[in-house]
Amino acid sequence: MKVILVGHANTAVSMKQAIEMIYGEAPDIYTLTFSPKEGLADLKVKLEKQIAGFEDDQVLVVTDLFSGTPYNAAATLAISGKVTDVIAGMSLPICLEIVPLIQSATVEQVVTTVMQNYQNYTKAFSVISKKDLEEDDL
């Protein structure tokens, strides 16, 4: 499986740098930038060029924003079967969950895992501390 991170500006590049800070080199993760001067067609071409270099037929695209141009470009390629699936809402926790699965799981298994666990990726101190106080009162 190959994973392509796509986001506005340098989001994807920075995300890969964060991943590699924690996991070390991540050779099966690729990044694409999306600049203000580009449009949907430009990004679609960039994705197609990236995919053309892959021998692996399992390609997961992770984008930063649902319904943004990166997502829409990737979804278009998913509809045509050029990528296996697209996950929107790129975050470091999502990426860290994907990295150890790249060599052992299918795209479908990775997507299932992320969708089962995504609610665990965001926490608010005020909610957690309030819950802890309520439990202490019991």
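In this predicted model, the count of salt bridges comes to 4. Side chains of opposite charge can pair when their charged atoms come close. Three of these pairs are described here, each in its own setting.

One of the salt bridges brings together the side chains of Lys2 and Asp28, with 2.9 Å from N to O. This pair links distant parts of the chain, since its partners are 26 residues apart. Lys2 belongs to strand β1, which covers residues 2-8, while Asp28 sits in the loop between α1 and β2 (29-34). Are these two residues buried or exposed? Both Lys2 and Asp28 turn out to be buried.

A second salt bridge is found between the side chains of Glu20 and Lys16, where the N to O distance is 3.8 Å. Here the partners share helix α1, and because they are 4 residues apart in that helix, about one helical turn separates them. Glu20 has a relative accessibility of 28%, so it counts as partly exposed; the range for that class lies between the 20% limit for buried and the 50% limit for exposed.

Another salt bridge joins Lys46 to Glu38, and their closest N and O atoms are 3.0 Å apart. How exposed are these two partners? Lys46 counts as partly exposed because its relative accessibility is 23%. Glu38 is also partly exposed, with a relative accessible area of 22%.

Asp28 has a further partner to meet. Its side chain is joined to that of Gln103 by a polar contact of 2.2 Å. Where along the chain does Gln103 lie? Its place is in the loop between α4 (92-98) and α5 (107-117). Asp28 is buried, whereas Gln103 has a relative accessibility of 65% and therefore counts as exposed. Gln103 can also be compared with Leu133, which lies 30 residues away along the chain. The C-alpha atoms of Gln103 and Leu133 are separated by 42 Å.

A look at helix α1 also leads to the surface. This helix spans residues 11-23, and Met21 has its place there. With a relative accessibility of 75%, Met21 is over the 50% cut-off and so counts as exposed. Which residues join Met21 in a nonpolar surface patch? The patch is made by Met21 together with Ile22 and Tyr23, and its area is about 380 Å². Helix α1 is thus home to Met21 of the patch and also to the salt-bridged pair Glu20 and Lys16.

Definitions and conventions: Residues numbered from 1 in each chain as written. Predicted model: local features only at pLDDT ≥ 70, side-chain atom pairs only at ≥ 80, totals over all residues. Heavy atoms only, no water. Helix = DSSP H or I, 4+ residues; strand = E, 2+ residues; numbered from the N terminus. Buried < 20%, exposed > 50% of the residue type's maximum accessible area, 1.4 Å probe, protein only. Polar contact = N/O pair within 3.5 Å; in protein donor to acceptor, adjacent residues only side chain to side chain. Patch = residues over 30% accessible without salt bridge, like charges linked within 9 Å, V, L, I, M, F, W, Y side chains within 5 Å. Areas by Shrake-Rupley, 256 points an atom, 1.4 Å probe, with all protein chains shown as cover.
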